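User: Please take a close look at one part of this structure, the open sheet, and explain how its strands are arranged and what lies across them.

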Amino acid sequence: MSIMSQHVLIAGGGIVGCLTAMELASRGCQVTIVERNQIASQTSGESSWAGAGIMFPLLPWMYSEHVNTLTNRGAAQYQKICEHLLEETGIDPQMLKSGFLLLPNFDHSAALLWCEQYQAQVEEVHATDFGVRSPIEEKALWLPKVTQVRPPCLMHALRAWLEKNNVRLLEHTELMPLNTTSSKLTGWRTTAGELLEADRFIVTSGAWSFELLKEVASKLQIKPMRGQILLYKPERNPEAIIYREGFYLVPRRDGYLLAGSTLEDVGFNPSVTGHVRDEIHAKATALLPELASAPIIKHWSGLRPGTPANLPIIGPHPAIENLFLNTGHFRYGLTMGPASASLIAAMVCDEQPWTDPAPFALPR
């Protein structure tokens, strides 16, 4: 049996898992995704649909070269991916070049240096040029080429593509935590007792990855980090993504506006809280005062897979030869997703990776 025709089981059906499945199916692999909930559903706690969809790492000069390698390549691939998904499925992921308005305070010189290094178009502007109130009078930065997608639409398009291309979706199926001393897996047992057999296995379970692998990967540093978001539909929507000191406003094509998000270390608790709602609303109205009278249409949360320095684990397990990981993308699973999916697919299929995978390896 050739590598390409082997059966690959993917544990986790979020954006990273679906993009990984897409890469493998395009290579001719037989692929099964095992998902404990339903793929592309608005399940409480799932970060894939809950996120804002910004295809930019917010303050990239604060991250390592390795994080930037993934985010830059991933963001650059989305135009082609979204066009392909729309053509194949008829579902529009709603990619939009909205630009990114960065308000002070931030490290101005570091930001400009990063833009020069990565050839990112940037302009020094004033917040008032965009109809936004900035509490600080210093100049803002405008990055006009930053784009966004709408995660629920992207997930629905990915699901439709996977179904059309014969990827098996095993939903409402939960895997047991892996506990083995073997150097090779023959199957992975579900909580219902069924043994799911495959040739190779990939964990793309986001915040739940450590729970699945804690017996065989004790050095895997992933924990859930809750983020809460509010939804408005104001009379006037800003034309750009607005970011200030950890807070963003994201305008959608249909007039909706997202405001968020928090970073809360509360374990696997996906609930929303009144005091956070009030904090987000106050920050939103400080930038757009007209939101003070706008109703909050929706309030939700997602659990991100928190990792040190936002650096994901992408690569083989050091002791189990047919087990791979593509997880721990923290805030940037969407942005990094296409790059990490193509990287792990190359390793699974014994191809030459597009970049050195060593920085993303699981510690032994």
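Analyst: A good place to begin is one pair of residues: I202 has F324, in β19, as its bridge partner. This is a predicted model, in which local features need pLDDT of at least 70 and side-chain atom pairs count only at pLDDT 80 or more, while totals for chains, interfaces and linings use all residues. Residues are numbered from 1 along each chain as its sequence is written, and side-chain values use heavy atoms, with hydrogens and water left out.

The strands that concern us here are β12, residues 200–203, and β19, residues 323–327, which pair in the parallel sense over three bridges; strands (E, at least two residues) and helices (H or I, at least four) are DSSP runs, numbered from the N terminus, and two strands pair if DSSP finds at least two bridges between them.

Both strands belong to an open sheet of six, whose order is β9-β2-β1-β12-β19-β18 and whose pairing is mixed. At the edges stand β9 (168–170) and β18 (313–316), and because each has a single partner strand, one side of each is left without a neighbour in the sheet. From one strand to the next, the twist averages 20 degrees.

Helix α1, residues 15–26, lies across β1 (7–11), β2 (30–34), β12 and β19, where contact means heavy atoms within 4.5 Å. The helix runs at about 170 degrees to β2; axes are lines fitted to C-alpha atoms, for helices over the stretch in contact, and angles run from 0 to 180 degrees between N-to-C directions.
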